[in-house]
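Me: Take a close look at the disulfide question in this one for me, please. Then carry on to whatever else is worth a look.

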Amino acid sequence: MSKETFHVLTSTAVPLPIENIDTDQIIPARFLKATTREGFGDNLFRDWRFTVDNEPIQDFVLNNSRYAGAEILVAGKNFGMGSSREHAAWAIHDYGFRVVVSSFFADIFRNNALNTFVLPVQVSQPFLEALLTAVEQDPTLQIVVDLPAQTISFGEQSETFAINTYKKTCLMNGYDDIDYLLSLNAEIREFDKAHA
Amino acid sequence: MNTQPTTLFDKIWNAHVVKHAEGHPDALFIDRHFIHEVTSPQAFDGLRKRGISVFNTSRTTATADHNVPTKDQHLPIREALSRHQVDTLRRNCAEFGVELYDLGHPFQGIVHIIGPELGLSLPGMTIVCGDSHTSTHGAFGNVAFGIGTSEVEQVLATQCILQYKPKRMRINIDGTLANGVTAKDIILYIISKISASGATGYFVEYAGETIRNLSMEARMTICNMSIEMGARGGLIAPDDTTFDYIQGREFAPKGEAFDEAVAKWRSLKTDDGAMFDTELHYKAEDIQPMITYGTNPGMGIGIGQHVPLLTEIPDTERVSYTKSLAYMGLEPGMELRNKAVDYVFIGSCTNARIEDLRTVAQFVQGKQKAPGVEVWIVPGSVQVARQAQAEGLTDVFASAGFELREPGCSACLGMNEDKIPAGKYCISTSNRNFEGRQGPGARTFLASPIMAAAAAVSGRVMDVRELL
């Protein structure tokens with residue numbers, strides 16, 4: 001089933017230099033009651049963005065207009081730990097991010113992000129720190145994420161990142177896993193019968 | 001024939017690969033799929049959009065647990081969005097022919113509690129669910145892991161999932177646990193040692209004498225929290241304890257079929273000499289009753305220890321550490337012993353099985369909850385609730401002033417009304433102490449059921465060893 005695709009993204013970025021950001025922070029459980037995939041962006045980082053009275057918390061970076069419109073989120077290591085809720089990836093996507101950069105990702109979040117066409121870009125800790133500093137100093141800094149070349153660059157700095165070939169192909173062509181698995185239907189039927 | 005020594009994890013995984021290609025994720029066949037109301041609606045929508053049915057409905061079981069009230073479950077759900085979500089599950093299960101253990105059904109309960117208690121989760125299987133605590137089922141010697149909604153859709157549509165094989169880790173625990181130290185303390189201890197991301201990228205096998213001596217329910221508590229150190233899942237090789245637990249369960253093989261199954265299950269173990277990417281060893285004697293002080297499950301200490309000083313935290317982690325303690329309203333270097341608590345939550349897929357309730361009841365028998373403390377006991381399933389009633393535990397809780405609720409995930413994740421108010425301290429038998437996990441601003445201390453019971457009667461965090 002064709003969805004969007006991902007090739008090269010040039011965008012500004014939002015710095016979020018916090019480690020171990022769990023999916024409960026990305027989208028708190030009380031906002032998981034929807035039965036569609038849309039609209040979760042409104043509650044992205046809800047309890048860091050808004051007070052209990054729904055007033056924007058001014059010093060939270062997503063409320064800083066200088067970072068408005070950025071399509072890249074740069075976060076501390078071990079991003080996306082905890083609950084398997086894909087709603088976290090949907091919220092990030094729905095808010096407008098297409099890339100999350102961190103020095104380490106939790107396994108389930110990484111899969112969910114890829115299935116949501118959000119590209120997790122894992123970089124070295126020094127590169128992450130340099131990027132965070134650069135983005136904090138200059139919110140207009142343009143960052144280039146090149147999926148075909150598997151590079152992320154800003155200013156004079158560049159680093160390659162890993163992604164498995166299969167997922168890279170999916171993202172570049174708009175394929176998803178079900179397209180592939182449906183093509184194995186006969187083999188799966190046989191396996192199912194043999195393991196009844 | 002491959003005669004190389006193989007890990008239990010590899011044996012099960014390899015036996016379920018429908019298609020393997022170099023550099024490509026494996027198409028892994030899934031024996032058992034559990035679904036619930038929160039992470040399934042968009043997956044069913046996906047099936048409708050593609051115009052396909054559920055691949056094999058006999059391999060999928062549904063229940064309502066995350067978003068259900070724990071009071072008056074016989075009445076329509078009051079909160080509109082929650083009602084809509086549960087109604088959507090009902091409609092989807094009816095339309096696609098999936099068995100649903102709905103509110104009011106004798107098999108309803110937290111998905112990771114009902115799978116094992118119904119004999120649906122068996123050794124050697126592959127099991128998935130759109131919930132990260134699916135690792136619980138690994139206690140039976142199977143490969144069980146949590147997945148996202150796109151993957152739920154994959155499994156509904158094809159009974160397969162595309163996955164790269166994780167690395168293998170074995171964690172060995174040997175020795176004898178001290179009185180008052182339980183399975184919950186073992187797993188909180190391990191996570192405190194290797195951190196909340198220490199097993200990311202791995203599938204963990206728990207082994208050693210201490211694990212072998214645990215009951216099935218205790219083993220489930222350990223496997224349940226594998227995800228809290230980042231692991232894809234955790235498993236324990238099945239043995240007679242496992243087979244005894246399974247025998248006679250509703251959907252377990254019966255009679256000759258059971259004997260044949262057991263004969264097969266006995267081969268489910270890691271071969272001598274099999275290689276793990278990482279292997280760790282701990283001593284049971286080193287483990288104290290544990291409690292967390294921070295905002296991830298790796299931030300735990302023995303009850304006799306103090307909250308780490310800033311100087312004990314690596315430079316790069318001090319900002320996050322300070323933020324975490326500020327949220328918790330705690331100071332570096334302090335002890336948690338005698339810290340006052342406002343709420344006690346005994347429940348969740350980690351610790352809401354009948355043994356957990358028995359442990360609590362035995363401790364509180366003849367005692368009263370401390371004034372000013374609210375104590376909620378939320379059984380993991382209707383079967384657990386009925387068993388507690390039959391054994392008289394319900395009366396013990398009532399006499400102690402504990403509030404016994406109806407089954408569901410409840411205050412573990414605060415999706416329904418069961419939330420801890422902002423700023424309040426809750427000692428909780430659940431699995432996550434993330435910011436706002438139990439409600440916006442709620443402050444969570446994770447601990448074992450007996451530690452929670454001790455806090456309930458004293459109103460403070462106690463070293464339960466001094467009370468036994």
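Reply: A disulfide here is a pair of cysteine sulfur atoms within 2.5 Å. This is a predicted model, where local features need pLDDT of at least 70, side-chain atom pairs count only at pLDDT 80 or more, and totals for chains, interfaces and linings use all residues. Residues are numbered from 1 along each chain as written, chains are lettered from A and ligands numbered from 1 in written order, and side-chain values use heavy atoms without hydrogens or water.

By that rule, the count over all chains is zero disulfides. Take B:C223: its closest cysteine sulfur belongs to B:C349 and lies 12 Å away, which is too far for a bond. B:C223 also counts as buried, at 0% relative accessibility (buried is under 20% relative accessible area, exposed over 50%, partly exposed in between, with a 1.4 Å probe on protein chains only). B:C93 tells a similar story: the closest cysteine sulfur, in B:C129, is 12 Å off, so a bond is out of reach. B:C93 is buried as well, at 3%.

Staying in chain B, have a look at B:S410, in the loop between strand 17 (403–404) and strand 18 (425–428) (strands are DSSP E runs of at least two residues, helices H or I runs of at least four, numbered from the N terminus). B:S410 is buried, with 0% relative accessible area. Its side chain makes a 2.7 Å polar contact with that of B:D418 (N or O atoms within 3.5 Å, one able to donate a hydrogen and the other to accept it within protein; sequence neighbours count only through side-chain atoms on both sides). Leaving out residues up to four places away in sequence, B:S410 touches B:T70, B:F345, B:V378, B:M415, B:N416 and B:D418 (heavy atoms within 4.5 Å).

Now for where the chains meet. Chain A puts 55 residues into the contact and chain B 66. Together they bury about 5100 Å², 58% of it on carbon and sulfur atoms (accessible area lost on being put together, 1.4 Å probe, summed over both). On chain A's side, A:K33, A:T35 and A:I178 lose the most area to chain B, together 14% of what that side buries. Seven salt bridges link the two chains (a Lys or Arg side-chain nitrogen within 4 Å of an Asp or Glu carboxyl oxygen). A:D179 forms a salt bridge with B:R50, their closest N and O atoms 3.3 Å apart. The interface also has 30 residue pairs in polar contact, both at pLDDT 80 or more. Among the elements giving two or more residues to chain A's side are helix 7 (177–182) and helix 8 (185–194) of chain A.

Key
Buried area = accessible area lost by both parts, 1.4 Å probe.
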